[in-house]
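Please load the model in your viewer, with side chains available on demand, and keep the selection panel open. The stops below are meant to be followed in order.

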Amino acid sequence: MLPAVLYNLSNIHDYVTTILKQYGGTFIFKGPWLTNSNFLITCDPANVHHITSKNFDNYIKGPHFYEIFEIMGDGIFNTDSYKWKRNRDILHSLFRKNSFESLVVKTIHKKLESCLVPLLNDVSELRTIVDFQDIFQRFSFDNICSIVLGSDPNSLPNKLIEFPEVTFEKAFNKIEDVFFYRHILPRFLWKLQKWLKIGTEKNYTESEKIVNQFLHQCISSTFQEQNNFNCTKDDDESNFNMLKALVEESGMEKIDHKFLRDNAISLLAAGRDTISS
């Protein structure tokens, strides 16, 4: 079925919608032999409810999924059963905080006023062409880093200059590319590339080190601040971020760096491409 997809690539969303309509809302896509490109695609609300809610426990991600998204660790994207439920309960408790809502509003407004609107005004005045996807990805990346980590990478400028290259963001992009290739390449092939440290897997190894180092710095800084000042409180909005809230929610004596790292990177992934798209 791949040739038809390639032929309609420039119009892929409308094409998939047409196919789903023809098959009553659910369709099995079969890719080339030896690839991981067989998918069940559905837009039927009853199926979505069945899979994601009513019988969610039946649809485990499993070890192969974990291997593909290994950098996510034991965060909510990778886990099943009680580990998934524990992550979900903790994150839900954070989302319900008034401090979280205030932080999101304040962070987005600040980035809109200081960067995005001035940049688009500059683009309009200069009558030039820009890549909206890049702009919106930078906008959402700065926002989610501020919300989750309390650190703004400032990847989006406030005027039309050469966009800064943020090492952490670049590494994040490369890792997402690797996720895609791991889905379509035979498992033995990308495993071999990883062992030989060649191709996309070489990029993954290098990018993984950058991401882990940055997250480790943010987590260590959070622990240090909590130890020194103990300033995270539900009503202290000026000091609130999700990393601090995770520490507060779980208790510093019970929590470890890996738990924070795995949940932080899951939140970064969830709050970047989905929103910018």
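## A pair between distant parts

Begin by selecting Glu70, which is partly exposed, with a relative accessible area of 24%. Bear in mind throughout that this is a predicted model, and that the values quoted at each stop are computed from it.

Now add Arg182 to the selection: the side chains of Glu70 and Arg182 meet in a salt bridge, at 2.9 Å from N to O. Arg182 belongs to helix H8 (residues 167-184), while Glu70 sits in the loop between helix H4 (62-68) and H5, so the pair ties together parts that are 112 residues apart in sequence. Is Arg182 buried or exposed? Arg182 counts as buried, because its relative accessibility is 0%, whereas its partner Glu70 is partly exposed.

Extend the selection to Lys194 and Glu201, and a network of salt bridges appears that links these two residues with Glu70 and Arg182. As background, side chains of opposite charge can pair when their charged atoms come close. A search of the whole structure finds 16 salt bridges, and two further examples follow, each within a single helix.

## Salt bridges along a helix

Select Asp134 and Arg138, which form a salt bridge whose closest N and O atoms are 3.1 Å apart. Both residues lie in helix H7 (residues 132-149), and because they are four residues apart, about one helical turn separates them. With the surface displayed, Arg138 counts as buried at 9% relative accessibility, while Asp134, at 23%, counts as partly exposed.

Move next to helix H12 and select Lys258 with Asp262, where a salt bridge brings the closest N and O atoms to 2.6 Å from each other. These two residues of H12 are likewise four residues apart, about one turn of the helix. Asp262 is buried, with a relative accessible area of 3%, and Lys258 is partly exposed, with a relative accessible area of 41%.

## H12 against H5

Stay with helix H12 (residues 257-270) and display helix H5 (residues 81-95) beside it: the two axes come within 12 Å and cross at roughly 65°. That angle makes H5 roughly perpendicular to H12, and the crossing in which H5 passes H12 is right-handed.

Which residues should be shown as sticks to see H5 and H12 meet? On the H5 side select Arg86, Asn87, Ile90, Leu91 and Phe95, and on the H12 side Phe259, Asn263 and Leu267. Coloured by class, this contact of H5 with H12 has five nonpolar, two polar and one charged residues.

## H12 against H7

Keep H12 on screen and replace H5 with H7; here the axes are 9 Å apart, and the helices pack at an angle of about 150°. H7 is therefore roughly antiparallel to H12, and their crossing is right-handed. From H7 the contact takes in Ile144, Cys145, Val148 and Leu149, and from H12 it takes in Ala264, Leu267 and Leu268. The residues of this contact divide into seven nonpolar, no polar and no charged. Leu267 deserves a separate label, since this residue of H12 appears in the contact with H5 and again in the contact with H7.

## H7 against H6

Leave H7 displayed and bring in H6, whose axis comes within 10 Å of that of H7, the two crossing at roughly 145°. H6 passes H7 in a right-handed crossing. On the H6 side, select Phe100, Leu103, Val104, Thr107, Ile108, Lys111, Leu112, Leu116, Leu119 and Leu120; on the H7 side, select Phe132, Ile135, Phe136, Phe139, Asp142, Asn143, Ser146 and Ile147. By class, the contact of H6 with H7 has 13 nonpolar, three polar and two charged residues.

## Two backbone stops in loops

Finally, turn from side chains to backbone torsions. Most residues other than glycine have a negative phi, and most peptide bonds are trans.

Select Arg127, in the loop between helix H6 (98-126) and H7, and read its phi, which is near 50°, a positive value in a residue other than glycine. Arg127 counts as exposed, at 77% relative accessibility.

End at Lys197, found in the loop between helix H9 (187-196) and helix H10 (199-229). Its phi is near 60°, again a positive value in a residue other than glycine, and at 55% relative accessibility Lys197 counts as exposed.

Note on methods:
Residues numbered from 1 in each chain as written. Predicted model: local features only at pLDDT ≥ 70, side-chain atom pairs only at ≥ 80, totals over all residues. Heavy atoms only, no water. Axes fitted to C-alpha atoms, helices over the stretch in contact; angles between N-to-C directions. Parallel < 35°, antiparallel > 145°, perpendicular 65-115°, else oblique. Left-handed = near helix turned anticlockwise from the far one by under 90°. Contact = heavy atoms within 4.5 Å. Nonpolar A, V, L, I, M, F, W, Y, C, P; charged D, E, K, R; others polar. Salt bridge = Lys/Arg side-chain N within 4 Å of Asp/Glu carboxyl O. Buried < 20%, exposed > 50% of the residue type's maximum accessible area, 1.4 Å probe, protein only.
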